[in-house]
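Biologist: Could we go through this structure together, beginning with the helices and then turning to the strands?

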Amino acid sequence: MKSAIVTGITGQDGAYLAELLLKKGYKVYGTFRRTSSVNFWRVEEVGIVNHPNFEMVEYDLTDLSSSIRLIESTKADEVYNLAAQSFVGVSFEQPVTTAEITGIGAVNLLEAIRIVNPKCRFYQASTSEMFGKVQSIPQTEDTPFYPRSPYGVAKLYAHWMTVNYRESYGIFGASGILFNHESPLRGREFVTRKITDSVAKISLGKLDVLELGNLDAKRDWGYAKEYVEGMWRMLQADKPDTYVLATNRTETVRDFVSLAFKAVDIEVAWQGKDEQEVGLCKKSGKTLVQVNPKFYRPAEVDLLIGDPAKAKRELGWEPNTTLEQLCQMMVESDVKRNKIGFSF
Ligand code: NDP
Ligand code: GDR
């Protein structure tokens with residue numbers, strides 16, 4: 001039986017990836033860090049908590065000795081490094097912590113692999129945030145990087161260290177440059193889930209207005225469940241490499257808001273510009289959306305659109321869920337949750 005470590009099991013991708021690997025017959029070690037209250041709602045939602053081949057291991061990515069023990073005790077064949085301080089907004093407030101977790105954390109694992117088990121394959125969760133300021137579109141594996149946040153900079157360091165361990169020590173280190181991927185398991189601090197949860201609340205009369213920052217930002221949003229399949233495929237390839245996973249479609253935050261309201265049969269009309277912009281209910285004229293500059297970032301990534309051609313060609317990976325389907329799925333899930341008072 002193959003075995004895999006998934007760091008960041010309490011996050012969106014961790015839960016979906018663990019579910020996928022268990023289905024494929026793996027023994028899965030899912031790592032979580034000690035917190036004062038448990039945070040296992042996602043692994044509960046995907047229904048793997050009591051799976052006989054699933055084990056939760058306490059682990060902190062910032063601790064090298066903990067990383068060495070993890071690789072030593074599990075003797076895993078594959079490590080998927082999904083753990084990170086992953087919220088771009090917070091990285092401006094906590095740049096050092098972000099560097100330690102999101103940047104150095106990956107190197108702790110790479111070092112542990114080099115020292116203890118160099119045959120262990122390593123997946124690094126890299127990101128389209130590394131492209132940052134638009135250099136060219138669509139972005140591919142060859143597009144120059146220009147990160148625009150402490151998070152993007154930390155991820156770029158981890159990406160290059162993965163490439164460096166591949167080239168210096170022959171470690172099977174794959175780097176997946178994944179564009180935004182969302183799902184009902186997305187954290188509510190990220191814009192799509194914040195929108196779908198708020199739209200659900202507005203439709204149920206539990207909230208009046210949705211407040212957002214930059215409505216003009218354009219993102220390439222895919223479905224997380226499909227992206228974790230791509231991660232697995234990268235570690236089954238003949239050689240380690242870097243791959244973009246994306247949908248090759250980009251939409252503004254404003255478009256996503258309109259789509260989400262459409263899913264509950266509300267049409268939005270947009271008025272005004274920048275800080276004065278509002279989204280009104282076409283029928284009643286009521287304000288449903290307004291801009292609050294507190295959600296703006298010191299530096300923004302304006303436009304992301306990825307070209308996944310290499311992943312399609314070499315891994316046979318391609319996305320199938322449209323943004324309309326994804327948004328509908330997330331709104332429906334949030335309507336159900338809000339009806340029963342679910343609070344994550
Ligand atoms: P989440 O924010 O949902 O999950 C992050 C996970 O990292 C959580 O389980 C968190 O644990 C864990 N973590 C944070 N700090 C530490 C630490 N010091 N030690 C151990 N674990 C830690 O992220 P996603 O699931 O959305 O993303 C997975 C990975 O992919 C991340 O690295 C992210 O940066 C990257 N990525 C995500 C994309 C996306 O669109 N979702 C796109 C491209 C890359 P806790 O619950 O305790 O906070
Ligand atoms: P992102 O995702 O920064 O792309 O990082 P997020 O959903 O946080 O922001 C997307 C865009 O929406 C704009 N925005 C807002 N964002 C949030 N969170 N809240 C708001 O109220 C709001 N209003 C407008 C943002 O300015 C931004 O332009 C995600 C994370 O999952 C990273 O870990 C991952 O690497 C990248 O996607 C790819």
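Modeller: Certainly. Helix H9 (residues 253–262) packs against helix H11 (residues 323–340) at an angle of about 60°, and their axes are 9 Å apart. Please keep in mind that this is a predicted model.

Biologist: How are H9 and H11 oriented to each other, then?

Modeller: At about 60°, the two helices are oblique to each other, because the angle lies outside the ranges for roughly parallel, roughly antiparallel and roughly perpendicular. The crossing of H9 and H11 is right-handed.

Biologist: Which residues make the contact?

Modeller: H9 contributes Phe256, Leu259 and Ala260, and H11 contributes Leu323, Glu324, Cys327 and Val331.

Biologist: And what is the contact of H9 with H11 like by class?

Modeller: It has six nonpolar residues, one charged residue and no polar ones.

Biologist: Turning to the strands: which way do the residues of S4 point?

Modeller: In strand S4 (residues 78–81), Glu78 and Tyr80 point one way, while Val79 and Asn81 point the other way. In a regular strand, side chains alternate between the two faces of the sheet.

Biologist: Are those four S4 residues buried or exposed?

Modeller: All of them are buried.

Biologist: What does S4 pair with?

Modeller: S4 pairs with strand S1 (residues 3–7) in the parallel sense, over four bridges. S4 also pairs with strand S5 (residues 121–127), again in the parallel sense and over four bridges.

Biologist: What stands opposite Asn81 in these pairings?

Modeller: Thr7 stands opposite Asn81, and Asn81 also stands opposite Gln124 in S5.

Definitions and conventions
Residues are numbered from 1 along each chain as its sequence is written. Chains are lettered from A and ligands numbered from 1 in the order in which they are written. This is a predicted model: local features need pLDDT of at least 70, side-chain atom pairs count only at pLDDT 80 or more; totals for chains, interfaces and linings use all residues. A residue is buried if 20 or more other C-beta atoms lie within 10 Å of its own, exposed if 12 or fewer, and partly exposed in between; C-beta atoms are placed from the backbone. Two strands pair if DSSP finds at least two bridges between them. Axes are lines fitted to C-alpha atoms, for helices over the stretch in contact, and angles run from 0 to 180 degrees between N-to-C directions. Angles under 35 degrees count as roughly parallel, over 145 as roughly antiparallel, 65 to 115 as roughly perpendicular and the rest as oblique. A crossing is left-handed if the near helix is turned anticlockwise from the far one by less than a right angle, and right-handed if clockwise. Two residues are in contact if their C-beta atoms, placed from the backbone, lie within 7 Å. Ala, Val, Leu, Ile, Met, Phe, Trp, Tyr, Cys and Pro count as nonpolar, Asp, Glu, Lys and Arg as charged, and the others, Gly among them, as polar.
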